[in-house]
Number of protein chains: 2
Amino acid sequence: MNIGEAAKKSGLSAKSIRYYEGMGLVLPSFRKDNGYREYDGDKLQELVFLRHARQFGFSLEECKRLLGLLRDPNRRSQEVHELVANRLADIDQRIADLLAMKRVLDEMSGQCPNNEESKCSIIDTLAGKAPRQTLSGGSHE
Amino acid sequence: MNIGEAAKKSGLSAKSIRYYEGMGLVLPSFRKDNGYREYDGDKLQELVFLRHARQFGFSLEECKRLLGLLRDPNRRSQEVHELVANRLADIDQRIADLLAMKRVLDEMSGQCPNNEESKCSIIDTLAGKAPRQTLSGGSHE
DNA sequence: TGTTGACCTTCCACTTGCTGGAAGGTTTAA
DNA sequence: TTAAACCTTCCAGCAAGTGGAAGGTCAACA
């Protein structure tokens with residue numbers, strides 16, 4: 001199949017597929033005489049795999065490693081597990097950061113008069129004029 | 001004060017301060033004869049404000065609007081409140097996305113044998129071979 | 001046969017928010 | 001005087017693509 005069909009079936013854009021190819025992730029099965037890329041079932045499966053991995057937030061570098069493991073019949077599941085564990089640690093960190101932001105922004109939001117007046121505790125807090133609301137919780141800055 | 005001192009006191013890097021200037025966010029008070037940037041207390045406060053706003057995840061465009069509001073004595077706190085509300089909605093969305101990823105990755109991680117064998121349900125799931133674990137929860141894809 | 005439209009190709013530019021480095025000018029202290 | 005530590009501008013690059021230009025190809029239809 002051509003790149004357009006591979007795109008439709010994999011859920012990726014043709015642009016992305018070309019980009020991933022340039023990054024060395026998934027090459028087409030071969031090129032036809034007219035230069036068109038040709039993808040077979042195996043390659044399509046790799047593209048789907050890639051889309052899933054990206055949806056879980058793996059970087060292209062990590063996707064490259066995952067594809068290597070997908071292709072390697074002698075892989076150790078340990079290695080796959082480790083990549084997922086790293087990803088999970090990263091996600092946990094991001095969630096914690098976002099929750100810390102949310103907590104303080106919620107607090108700030110609730111204290112803003114939200115009217116036609118200029119007085120605004122959000123502005124004061126960001127400017128460092130109001131009682132400190134830090135992301136880290138401590139009073140050190 | 002020079003950019004180096006402004007950087008130290010604001011917690012930003014000199015590179016970032018120059019970048020923000022290029023983006024039209026915070027200009028130095030003036031340039032000295034030798035071309036060096038000079039920052040006074042007000043400008044330093046704006047830089048600190050900027051650092052805080054960035055720490056809360058506001059984009060530079062949003063920071064630009066926030067700085068405009070900081071400087072505007074006739075601002076309406078409504079406007080500030082709205083920016084924060086938008087930011088909060090974005091944060092909530094991100095958290096929800098990350099939690100959905102985490103949920104599925106946790107599940108996958110627990111099912112992987114995590115040993116020397118090649119059999120790995122994580123790989124199978126990403127390849128779409130195993131019982132579907134989707135981020136959206138539905139069976140539609 | 002012509003031509004229209006939908007494909008496909010490559011390449012370059014743009015995005016966000018910086019960071020690093022090169023090449024060079026200034027200031028300060030020993 | 002000279003070295004270190006500033007400062008200046010500009011250029012390149014990161015992730016992970018998207019958009020568009022310029023052009024080749026293919027299938028269908030009159």
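Which residues are closest to DNA strand C? In this predicted model, they are Asn2(A), Gly4(A), Arg37(A), Ser59(B) and Leu60(B). They belong to a group of 16 residues that surround DNA strand C.

## The surface near DNA strand C

Three helices each supply at least two residues of the surface near DNA strand C. Two of them are in chain A: α1 (3-10) and α2 (14-22). The other is α2 (14-22) of chain B. The largest share comes from α2(B), with three residues.

The surface near DNA strand C is mixed in class. Seven of its residues are polar. Five are nonpolar, and four are charged.

## How the two chains are related

Two copies of a chain are related by a rotation about an axis and a shift along it. Here the rotation that superposes chain A on chain B is 180°. The shift along the axis is 0.0 Å, and the RMSD is 0.0 Å. That is the relation of a two-fold axis.

Which residue of chain A comes closest to the rotation axis? That residue is Ile95(A), with its C-alpha at 3.0 Å. The same surface serves both copies: 100% of the contact residues of chain A recur in chain B.

## Where chain A touches chain B

The contact between the chains involves 49 residues of chain A and 49 residues of chain B. On the chain A side, four helices each supply at least two residues. They are α3 (41-55), α4 (60-71), α5 (77-111) and α6 (121-127). The largest share comes from α5(A), which gives 19 residues.

What classes of residue make up the side of chain A that touches chain B? There are 27 nonpolar residues. Another 13 are polar, and nine are charged.

## A look at Leu83(B)

Leu83(B) lies in helix α5 of chain B, which covers residues 77-111. Is Leu83(B) buried, exposed or partly exposed? A residue needs 20 or more C-beta neighbours within 10 Å to be buried, and 12 or fewer to be exposed. Leu83(B) has 19 inside 10 Å, so this residue counts as partly exposed.

Which residues does Leu83(B) touch, leaving aside those up to four places away in sequence? They are Glu62(B), Arg65(B) and Leu66(B). Asp42(B) makes another reference point for Leu83(B). The two are 41 residues apart in sequence. In space, they are 23 Å apart, C-alpha to C-alpha.

Definitions and conventions:
Residues are numbered from 1 along each chain as its sequence is written. Chains are lettered from A and ligands numbered from 1 in the order in which they are written. This is a predicted model: local features need pLDDT of at least 70, side-chain atom pairs count only at pLDDT 80 or more; totals for chains, interfaces and linings use all residues. A residue is near a molecule or strand if its C-beta atom, placed from the backbone, lies within 6 Å of it. Ala, Val, Leu, Ile, Met, Phe, Trp, Tyr, Cys and Pro count as nonpolar, Asp, Glu, Lys and Arg as charged, and the others, Gly among them, as polar. Copies are superposed by least squares on the C-alpha atoms of residues with pLDDT of at least 70 in both. Two residues are in contact if their C-beta atoms, placed from the backbone, lie within 7 Å.
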